[in-house]
Amino acid sequence: MSTDTLARLAEVLEARKNAAADSSYVASLYHKGLNKILEKVGEESVETILAAKDAAISGDCSDLIYETADLWFHSLVMLASLGQHPQAVLDELDRRFGLSGHDEKAARQPSA
């Protein structure tokens, strides 16, 4: 996904926050609240996992790509609903680039 695509999606998602619930799918999610958005992220996560398992057997990744797009999309809706732009995630990935995954994990503060 190019940063142009992410920026365009971010603009649309932001605009839908003030739209009538019946004007778009995203607007309806915003009106239903964060719990509904999180439910969709969870649902898409499970569907992505199942598609990956099927792809490992069949060798056909088309459903995996489709479900991953749904997961990413709903994750972007979640971020937008919390006032976050996709650039924040890209910045975090950039920060981690070249850093050992083991080192990055060790540097995290333990949660209370």
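Modeller: Helices are DSSP runs of H or I with at least four residues, strands are runs of E with at least two, and both are numbered from the N terminus. Read that way, the protein chain runs α-α-α-α-α-α along its sequence, with six helices and zero strands in its secondary structure.

Colleague: Welcome words for a newcomer! What should I know about the model and its numbering?

Modeller: The model is predicted, so local features need pLDDT of at least 70 and side-chain atom pairs pLDDT 80 or more, while totals for chains, interfaces and linings use all residues. Residues are numbered from 1 along each chain as its sequence is written, and side-chain values use heavy atoms, leaving out hydrogens and water.

Colleague: How do you know that the span of helix α4 agrees with its number of residues?

Modeller: The expected span is 1.5 Å times one less than the number of residues. Helix α4 covers residues 62-81, which is 20 residues, so it should span 28 Å; its end C-alpha atoms lie 29 Å apart, and that agrees. Just after α4, G83 has a positive phi of about 80 degrees.

Colleague: Which residues of α4 are buried, and what covers them?

Modeller: Buried means under 20% relative accessible area, exposed means over 50%, and partly exposed lies in between, with a 1.4 Å probe and protein chains only. In α4, the buried residues are E67, L71, H74, L76, V77, L79 and A80. Their cover includes α1 (3-16), α2 (25-32), α3 (34-58) and α5 (86-96). Across the 112 residues of the protein chain, 23% are buried.

Colleague: Why is K40 called buried or exposed?

Modeller: K40 sits in helix α3. Its relative accessibility is 13%, which is under 20%, so K40 counts as buried. Leaving aside residues up to four places away in sequence, K40 touches Y25, L29 and H74; a contact here means heavy atoms within 4.5 Å. H74 is also one of the buried residues of α4.

Colleague: And what makes S58 buried or exposed?

Modeller: S58 is in helix α3 too. At 51% its relative accessibility is over 50%, and therefore S58 counts as exposed. The side chain of S58 reaches the backbone nitrogen of D60 at 3.0 Å.

Colleague: Why does A19 count as buried or exposed?

Modeller: A19 belongs to the loop between α1 and α2. Its 18% is under the 20% limit, so A19 is buried. Not counting residues up to four places away, A19 touches A27 and H31. A19 and Y30, 11 residues apart in sequence, are 9.2 Å apart from C-alpha to C-alpha.

Colleague: What about L6: why is that residue buried or exposed?

Modeller: L6 lies in helix α1, and with 9% relative accessibility, under 20%, L6 is therefore called buried. Its C-alpha atom is 16 Å from that of L82, 76 residues along the chain, and 31 Å from that of S58, 52 residues along.

Colleague: How many of the contacts join residues at least 24 apart?

Modeller: Among contacts between residues at least 6 apart in sequence, 53% do.

Colleague: What dimensions does the protein chain have, and what is the surface like?

Modeller: Along the principal axes, the C-alpha atoms fill a box of roughly 45 × 40 × 35 Å. The accessible surface comes to about 7800 Å², and 58% of that belongs to carbon and sulfur atoms; the area comes from the Shrake-Rupley method with a 1.4 Å probe.

Key:
A polar contact is a pair of N or O atoms within 3.5 Å; within protein, one must be able to donate a hydrogen and the other to accept it, and residues adjacent in sequence count only if both atoms are side-chain atoms.
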